[in-house]
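The exercises below are meant to be worked with the structure open beside the text. Each one sets a task and then goes through a solution step by step.

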Amino acid sequence: MVSIVIVSHSPKIAEGIKELALEMAQDYQGLFTAAGLEDGTIGTDAVRIMETIESADAGDGVVVLADLGSGIISAEMAIDMLDGSVNVKIADAPIVEGAIVAAVEASGGSSFEHVIEETEKTRGLNKL
């Protein structure tokens with residue numbers, strides 16, 4: 001199963017995105033969050049992200065979605081610390097729309113490459 005890690009500076013935002021995505025992929029068990037700092041404050045922590053990616057890994061790859069620039073930087077650092085032990089990629093996609101599409105695709109058994117491809121298509125979605 002392809003897994004998904006939502007990286008956000010805010011635990012509340014990450015949990016909200018997870019809740020919304022699971023409305024569309026209700027039986028999906030591969031959605032994880034790595035948000036905020038250990039004390040619950042706003043921020044990102046590369047070590048916590050790395051540990052979440054390791055926990056999420058079910059063998060078919062881990063898709064990471066992040067909210068802001070420093071979240072991307074922390075996720076990149078986490079991936080570097082994994083040193084190739086997990087098939088993981090940061091999707092270049094908006095975090096909310098991307099998480100929903102990724103969860104739906106992954107819950108349907110799509111391949112890692114297909115989940116990434118469909119998730120990244122959300123960059124071009126028009127809302128109006």
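## Exercise 1: helix α1 against helix α4

α1 and α4 are oblique to each other, because the angle between them falls in neither the parallel, the antiparallel nor the perpendicular range. The model is a predicted one.

Task: state how the axes of α1 and α4 are placed, and which residues make the contact.

Solution. Begin with the axes, which come within 8 Å and cross at roughly 40°. Next take the hand of the crossing of α1 and α4, which is right-handed. Then list the residues: from α1 come Ile17, Leu20, Ala21 and Met24, and these meet Ile95, Val96, Ala99, Ile100, Ala103 and Val104 of α4. Finally sort the residues of this contact by class, which gives 10 nonpolar, no polar and no charged residues.

## Exercise 2: two further helix pairs

Task: describe the packing of α2 (residues 46-56) with α3 (residues 69-82), and then that of α4 with α5.

Solution. For the first pair, the axes of α2 and α3 come within 8 Å and cross at roughly 60°, and α2 and α3 are therefore oblique to each other. The crossing of α2 and α3 is right-handed. On the α2 side the contact is made by Ala46, Val47, Ile49, Met50, Ile53 and Glu54, and on the α3 side by Ser74, Ala75, Met77, Ala78, Ile79, Met81 and Leu82. Divided by class, the residues of the α2 contact with α3 are 11 nonpolar, one polar and one charged.

For the second pair, the axes of α4 and α5 are 8 Å apart and the helices pack at an angle of about 150°, which makes α4 roughly antiparallel to α5, because angles over 145 degrees count as such. The crossing of α4 and α5 is right-handed. Gly98, Val101, Ala102, Glu105 and Ala106 of α4 meet His114, Val115, Glu118 and Thr119 of α5, and the classes in this contact of α4 with α5 are four nonpolar, three polar and two charged residues. To place α5 in its wider setting, note that its buried residues are Phe112, Val115, Ile116, Glu118, Thr119 and Glu120, and that the buried residues of α5 pack against β3, β4 (88-90) and α4.

## Exercise 3: the nonpolar cores

Task: identify the residues that touch the most other members of the largest nonpolar core, and say which elements supply at least two residues each.

Solution. The largest nonpolar core has 22 residues, of which Ile4, Ile6, Tyr28, Val63 and Leu65 touch the most other members. The elements that each supply at least two residues of this core are β1 (3-8), α1 (11-24), β2 (31-35), β3 (62-66), α4 (95-107) and α5 (112-120). Among these, α4 gives the most to the core, with five residues. As a worked instance, leave out residues up to four places away in sequence and follow the contacts of leucine 65, which touches Ile4, Val5, Ile6, Val7, Ala91, Ala93, Pro94, Ile95, Gly98, Ala99, Ala102 and Thr119. A second, separate core of 16 residues includes Val7, Ala34, Ala78 and Val88.

## Exercise 4: three serines and an aspartate

Task: are serine 74, serine 107, serine 55 and aspartate 83 buried, partly exposed or exposed?

Solution. Serine 74, placed in helix α3, has a relative accessible area of 9% and is therefore buried, as this lies under 20%. Leaving aside neighbours within four places in sequence, serine 74 is in contact with Thr44, Ala46 and Ile49.

Serine 107 lies in helix α4 and, with a relative accessible area of 38%, is partly exposed. With neighbours within four places in sequence again left aside, serine 107 is in contact with Ala25 and Tyr28. The C-alpha atoms of serine 107 and leucine 31 are separated by 9.8 Å, although these residues are 76 residues apart along the chain.

Serine 55 belongs to helix α2 and is exposed, because its relative accessible area of 56% is over 50%. From C-alpha to C-alpha, serine 55 and lysine 127 are 34 Å apart in space, and they are 72 residues apart in sequence.

Aspartate 83 is found in the loop between α3 and β4, and at 69% relative accessibility aspartate 83 counts as exposed. Its phi is near 55°, a positive value in a residue other than glycine.

Conventions: Residues are numbered from 1 along each chain as its sequence is written. This is a predicted model: local features need pLDDT of at least 70, side-chain atom pairs count only at pLDDT 80 or more; totals for chains, interfaces and linings use all residues. Side-chain values use heavy atoms; hydrogens and water are left out. A nonpolar core is a set of buried Ala, Val, Leu, Ile, Met, Phe, Trp, Tyr and Cys residues joined through side-chain atoms within 4.5 Å. Buried means under 20% relative accessible area, exposed over 50%, partly exposed in between (1.4 Å probe, protein chains only). Helices (H or I, at least four residues) and strands (E, at least two) are DSSP runs, numbered from the N terminus. Contact means heavy atoms within 4.5 Å. Axes are lines fitted to C-alpha atoms, for helices over the stretch in contact, and angles run from 0 to 180 degrees between N-to-C directions. Angles under 35 degrees count as roughly parallel, over 145 as roughly antiparallel, 65 to 115 as roughly perpendicular and the rest as oblique. A crossing is left-handed if the near helix is turned anticlockwise from the far one by less than a right angle, and right-handed if clockwise. Ala, Val, Leu, Ile, Met, Phe, Trp, Tyr, Cys and Pro count as nonpolar, Asp, Glu, Lys and Arg as charged, and the others, Gly among them, as polar.
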